Amino acid sequence: MAHRISSEHVDSKTKQHTLSEHIDQYQLDLLMETAQPVHKARLMSLNLPLTGAWLNAPPNSDLGFKLSSRHFSVGLCRRLGLPIYSQIGPCPCCGKEENDIFCHHAVLCQKGPDHILRHNVIQDTLFSVCQNAALSPRLEEPHLVGPNKTRPGDVVIPNWSMGRTAAIDVTVIHPVQTNTIQMALKSGTEPIEQAEESKITKNGQICAENVLDFIPIGMSTFGSYGPSALHT
Ligand SMILES: [Zn+2]
């Protein structure tokens, strides 16, 4: 049932921003009532803190905040649920799946460059921020937990807390993909929370045995964060 705006919301003392909040909520409720599941899950993800922060960032090239017109347009289309492609076509990367007009497959395609590039850009940005904060970070340090191939930390920070080293691991999920959309329809945060918990299940024990604080940083492709990421 949509949230209705009644006279109690518009008395003479009502501030403009309060009225705007009610109008926004009313319009969101209307959208949620009629949206297809994939768009409803998108709205659930976008209705979380900080997902619109990039729209308020000053377009400063030195800070890496400036987007090209093309990147800005694609980002805005994904946020608004508008088509990016004019028609469905075969994926040029994997050759198996169809590229839907909203780019959901393109974001996920295991043969495409996006999922690796997206992870690495976030990892490198996190590393750079830690460098600027004089935290002496190390990037993808090998043999952190012994002579095996496991690398539980994309960014490793010595003396993080109580003299312990932190292993920070970035994970990015696309909430509307098949195996998470049901969770995303129940709660916008649940798919990201589960991704963070999966990382803890995989790496938490071995990090603890090696006196490391393991910190998963879960994000969604819509710009929302998991509880561990927000807390950190
Ligand atoms: Zn593909």
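Let us begin with A167 and its surroundings. Leaving aside neighbours within four places in sequence, A167 is in contact with L144, P152, G153, V156, C207, L212, F214 and I215. I should say at once that this is a predicted model, and that what follows is read from its coordinates.

A167 belongs to the largest nonpolar core, which has 19 residues. Within that core, A167, I168 and I215 touch the most other members. As for the elements behind it, β4, β5, α8 (190-209) and β6 each supply at least two residues of this core.

That brings us to the sheet. Four strands form an open sheet with mixed pairing, and their order is β3-β4-β5-β6. The edges are β3 (138-139) and β6 (212-220), each of which pairs on one side only. In general, strands of a sheet pair through backbone hydrogen bonds, in either the parallel or the antiparallel sense.

I will take the pairs in order. Strand β3 runs antiparallel to β4, residues 155-161, with two bridges between them. Here L139 has V155 of β4 as its bridge partner. Next, β4 and β5 are also antiparallel and are joined by four bridges. In this pair, S161 is matched with R164 of β5. The two strands form a hairpin with two residues between them, and in that hairpin M162 takes a positive phi near 55 degrees.

The third pair is β5 with β6, which is parallel and held over nine bridges. A166 stands opposite D213 of β6, and I173 has S220 of β6 as its bridge partner.

How much of β6 is buried? Eight of its nine residues are, so this strand is largely enclosed by the rest of the structure. An edge strand in the pairing is thus, by burial, an enclosed one.

One helix packs on this sheet in a way that deserves mention. Helix α6, residues 114-132, lies across β3, β4, β5 (164-173) and β6. The helix runs at about 145 degrees to β5.

Now to some backbone details. Most residues other than glycine have a negative phi. Two residues besides M162 may therefore interest those of you who check torsions. H143, which is not a glycine, has a positive phi of about 55 degrees. H143 sits in the loop between β3 and β4, and counts as exposed because it has 10 other C-beta atoms within 10 Å. N159, again not a glycine, has a positive phi of about 50 degrees. N159, however, is found in strand β4. With 11 C-beta neighbours inside 10 Å, N159 is exposed as well. A glycine can be added here: G81, just after α4, takes a positive phi of about 75 degrees.

Let me turn to the helices. Why does the length of α4 agree with expectation? At 1.5 Å a residue, the 12 residues of α4, numbered 69-80, should span 16 Å, and the end C-alpha atoms are 16 Å apart. For α1 the 19 residues should span 27 Å, and the end C-alpha atoms are 28 Å apart, which agrees. Is α1 buried or in the open? The number of buried residues in α1 is zero, so this helix lies largely in the open.

In helix α8 I would single out E193. E193 counts as partly exposed, because 17 C-beta neighbours lie inside 10 Å. Beyond four places in sequence, E193 is in contact with G226 and P227. The C-alpha atoms of E193 and S228 are 8.0 Å apart, although 35 residues separate them along the chain.

Finally, the chain as a whole and the confidence of the prediction. The protein chain has nine helices and six strands. The C-alpha trace spans about 65 × 50 × 40 Å along its principal axes. Of the 232 residues, 21% are buried. Among contacts between residues at least 6 apart in sequence, 47% join residues at least 24 apart.

The mean pLDDT is 89, and 93% of residues reach 70 or more. Among the elements, α1 (residues 16-34) has the lowest mean pLDDT, 87, and β6 the highest, 95. Where pLDDT is low, the predicted coordinates should not be read in detail.

How values were computed: Residues are numbered from 1 along each chain as its sequence is written. This is a predicted model: local features need pLDDT of at least 70, side-chain atom pairs count only at pLDDT 80 or more; totals for chains, interfaces and linings use all residues. A residue is buried if 20 or more other C-beta atoms lie within 10 Å of its own, exposed if 12 or fewer, and partly exposed in between; C-beta atoms are placed from the backbone. Two residues are in contact if their C-beta atoms, placed from the backbone, lie within 7 Å. Two strands pair if DSSP finds at least two bridges between them. Axes are lines fitted to C-alpha atoms, for helices over the stretch in contact, and angles run from 0 to 180 degrees between N-to-C directions. The expected span of a helix is 1.5 Å times one less than its number of residues. A nonpolar core is a set of buried Ala, Val, Leu, Ile, Met, Phe, Trp, Tyr and Cys residues joined through C-beta atoms within 7 Å. pLDDT is the predictor's confidence in each residue, from 0 to 100.
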